[in-house]
Amino acid sequence: MGVIFVQWVLFGFSFAFGDPVSVGFGSFSDAALRFNGDRHDPIYCPTFPLLTYAAYQGTFAIVTAAIISGSIVGRVRLIPYMIFIFVWTTVCYDPMAHWVWGSNGWLKNLGTLDFAGGTVVHILSGVSGIVAAAIIGRRHNYHEQKSTAHNLPLTVLGTGLLWVGWLGFNAGSAIAANGLAALALVNTNAAAASGLVTWVILDLIRGRVSISGACCGPLIGLVAVTPASGFVQPGWALLIGIIATVIIYIALIYKHHIGIDDTLDVGVMHGGGGIIGAFLTGLFSERAMNTINGADGAFYGNPIQMWYQLAGILTAIGFSSACTIGILLPLHWTIGIRIPIQDEIAGLDWAVHGERWEIMPTEKKTPTTTTTEINYPNYRIPRRYDRNSVSSQFRSRAVRLRRQPDISNATLARLTNAAYTIPV
């Protein structure tokens, strides 16, 4: 959030949405956001200030860089990662945002549809994440078959927060509180819900419903419907969630065959989900749903829309791959990007930051015991309590001690046992 928004204020927004100098690039005319809060833009935000639009679009840039980190978490040095996301956002995200969403972007003029970031956010970040994971290498304890949630309550909580927050991204992309925003909101919920139900059914078919796995279903639906949320009917949104979840579910089962350690499955879920959603947009989009920026898809008599979508998909895959390789390899050859194996084993929280997110148990010594003989003062017991048997004498002594108000129960227990053990 810090690095990317600094970049966004300095020149990122101007490079993506500033006065265009060509069909491929914006300009630096609005660098450092040199305009007041009253300025409106007739294309991007006719009904609210341009600064608000800049802040809103800045969240997309932040999220895109954050998604990449999911592929390489736990094994990257901090400074090289900060350099990477700063440069990557400048040379990869900003131009792509202009191509797809800019007033004269060449993909937009071609006819590629992306309502809320399926191509710009998810395909870019997913492909970049899996390429970065391939360059950096596997974790020291990577296991191809094992994938266990670290903290299930936080996983469920995060899924709920993600679901709710996604409504703001998709519905907000209508840039107005109108029927288009309502359509995007309903489509977003529909795809997430169908993705969840589909995942649960697939788990039931295989024998057991996994809670952590079920959290993947809504995410897949959300990713897949993002490019189509403002262009399709809600019924198609349900189908998009189902189709994407089935494909990604199968892909996650066989992902180990590619041999790349994508820590949080960013490449499969975000990259794959974005590709599926962008392609299905070319099938199900309907101009009647969005008369301003929409277009009919193949199911509505316009099959060429599929090729427009494919052009955007291939451009995003190739461009993000080239940018990621071009940034990470020089960093790898110069200052290095991979942390030492000892720091990876210890964990970055402790090795790099000197902190832990959880309370660690204190070191326990092996318990040993010693037997110590302790001599206690011989309390005089009146003769009237004497008895002939040993047991009677013991009971008499106990009764006598209990009658002494200055002796505690702990002292009484010790006095009635000549020896006891002390833990060391």
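In which helix is Thr 89 found? In this predicted model, Thr 89 belongs to helix H3. Its relative accessibility is 1%, so Thr 89 counts as buried, the cut-off for that label being under 20%. Leaving aside residues up to four places away in sequence, Thr 89 touches Ile 4, Gln 7, Ala 65 and Asp 94.

Helix H3, which spans 78-101, also takes part in the largest nonpolar core. This core has 53 residues, and those with the most contacts inside it are Phe 13, Phe 17, Tyr 53, Phe 84, Trp 88, Tyr 93 and Trp 101. At least two core residues come from each of helix H1 (2-17), helix H2 (50-72), helix H3 (78-101), helix H5 (118-136), helix H11 (266-284) and helix H12 (304-333). A closer look at Phe 17 shows that, with residues up to four places away in sequence not counted, Phe 17 touches Trp 8, Tyr 44, Tyr 53, Gln 57 and Trp 101. A second core, separate from this one, holds 34 residues, among them Trp 166, Ala 214, Ile 220 and Phe 231. In soluble globular proteins, nonpolar side chains tend to be buried together.

Nonpolar residues also appear on the surface. Leu 78, Ile 79, Met 82, Ile 83, Val 87, Val 91, Ile 335 and Val 352 make a nonpolar surface patch of about 600 Å². One of these residues, Ile 335, lies in the loop between H12 and helix H13 (341-346). Ile 335 has a relative accessibility of 43% and therefore counts as partly exposed, whereas Thr 89, at 1%, counts as buried.

Terms used:
Residues numbered from 1 in each chain as written. Predicted model: local features only at pLDDT ≥ 70, side-chain atom pairs only at ≥ 80, totals over all residues. Heavy atoms only, no water. Core = buried A, V, L, I, M, F, W, Y, C linked by side-chain atoms within 4.5 Å. Buried < 20%, exposed > 50% of the residue type's maximum accessible area, 1.4 Å probe, protein only. Helix = DSSP H or I, 4+ residues; strand = E, 2+ residues; numbered from the N terminus. Contact = heavy atoms within 4.5 Å. Patch = residues over 30% accessible without salt bridge, like charges linked within 9 Å, V, L, I, M, F, W, Y side chains within 5 Å. Areas by Shrake-Rupley, 256 points an atom, 1.4 Å probe, with all protein chains shown as cover. Salt bridge = Lys/Arg side-chain N within 4 Å of Asp/Glu carboxyl O.
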